[in-house]
Amino acid sequence: MVVASPRNILLTGLPRGGSCAAGALIDGLPDTVCLNAPNWHTGIASKLRKSLPFGKWLLGDFYWQRRQLLAQIPVSDLRAGDGTPLFDGLRDPRRIADSTDAPQTMEFTRPGLSEDFILCMRHHALYTAALPTLLEFGHFRIIAVIRNPVDILLSWQHTPALMLAPSDQHGLSAMWPQAHKVTASDMPALDKMAQLAELFFQRYHEWQEHIDIVKYEHFVQNPLSVSHLFDMGKPPANASNIVAP
């Protein structure tokens, strides 16, 4: 169990692997906020293009977002219209979308937070790409959500454009050259997906002594298991709203 910097959490995992649902459960814990794939993180990553400057910037963003939330200044996030967290960024019927079905952010506040509340931010490919460097900072507790690879590949086949988009969109080209090589290759789409999934699992296996690994199948069956990561006995709010990716 990783215990360093328990109040600053990076949540990552395989795309369509359940990290969004895990983030929603974490957001429902007492004195806790989990931001869902902040879009400004991918924008900054594409400009900086290196994991070290991105990690330094991320330290500052954690401080900034924490101060904003404590001051009751609205923070932008991908949430349902009532401010509750999404359990699936693509299929949750409560999500806000524009006329092209692109997800839209909303501004929300969280009253009653203590000075040392838990702040979590979720990104799958981006934080995984920068994982080795982010671990060097020793500032974040990092949680990775994994899922049965067969289910992962089946889900990816329904959203090939999402998985095989230009790698800069996911912050991979400079931070994770192996993944960029796969996405930029001319191999068949299913082969790309299989190799990408393998890279994700290899990365988590390589760094397993320094991160917490959570199985999607376990917390779906028992949402309370997510709270056990933080030694909390109270079930996350709205735990019954999980939508399987």
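This report describes salt bridges and one strand, strand 6, in a predicted model.

## Salt bridges

Across the whole structure, a search identifies eight salt bridges. Three of them are listed below with the separation between nitrogen and oxygen.

| Acidic residue | Basic residue | N to O distance |
|---|---|---|
| Asp 116 | Arg 7 | 3.9 Å |
| Asp 77 | Arg 79 | 2.7 Å |
| Asp 92 | Arg 94 | 2.9 Å |

The side chains of Asp 116 and Arg 7 form a salt bridge at 3.9 Å. Asp 116 belongs to the loop between strand 4 (106-108) and strand 5 (118-122), while Arg 7 sits in the segment before strand 1 (8-13); the pair therefore ties together parts that are 109 residues apart in sequence. Asp 116 has a relative accessible area of 42% and is partly exposed. Arg 7, with 31% relative accessibility, is also classed as partly exposed. A residue counts as partly exposed when its relative accessible area lies between the limits of 20% and 50%, so the value of 42% places Asp 116 in that class.

The salt bridge between Asp 92 and Arg 94, at 2.9 Å, joins residues with unlike surroundings: Asp 92 is buried, at 3% relative accessibility, whereas Arg 94 is partly exposed, at 27%. Elsewhere, salt bridges with shared partners link Asp 27, Asp 77, Arg 79 and Arg 110 into one network. Within this network, the side chains of Asp 77 and Arg 79 meet at 2.7 Å, and both of these residues are buried.

## Strand 6 and its neighbours

Strand 6 covers residues 141-146, and six of its six residues are buried; the strand is therefore largely enclosed by the rest of the structure. The burial applies to both faces of strand 6. On one side lie Arg 141, Ile 143 and Val 145, and on the other lie Ile 142, Ala 144 and Ile 146, all of them buried.

Strand 6 pairs with strand 1 and with strand 7. Strand 1 and strand 6 run parallel and are joined by five bridges. Ile 143 of strand 6 is the bridge partner of Leu 11. The pairing of strand 6 with strand 7 (residues 212-215) is likewise parallel and comprises four bridges. Here Ile 146 has Lys 215, in strand 7, as its bridge partner. Two of the residues named in these pairings, Ile 143 and Ile 146, are buried and lie on opposite sides of strand 6.

Key: Residues numbered from 1 in each chain as written. Predicted model: local features only at pLDDT ≥ 70, side-chain atom pairs only at ≥ 80, totals over all residues. Heavy atoms only, no water. Salt bridge = Lys/Arg side-chain N within 4 Å of Asp/Glu carboxyl O. Buried < 20%, exposed > 50% of the residue type's maximum accessible area, 1.4 Å probe, protein only. Pairing = 2+ DSSP bridges.
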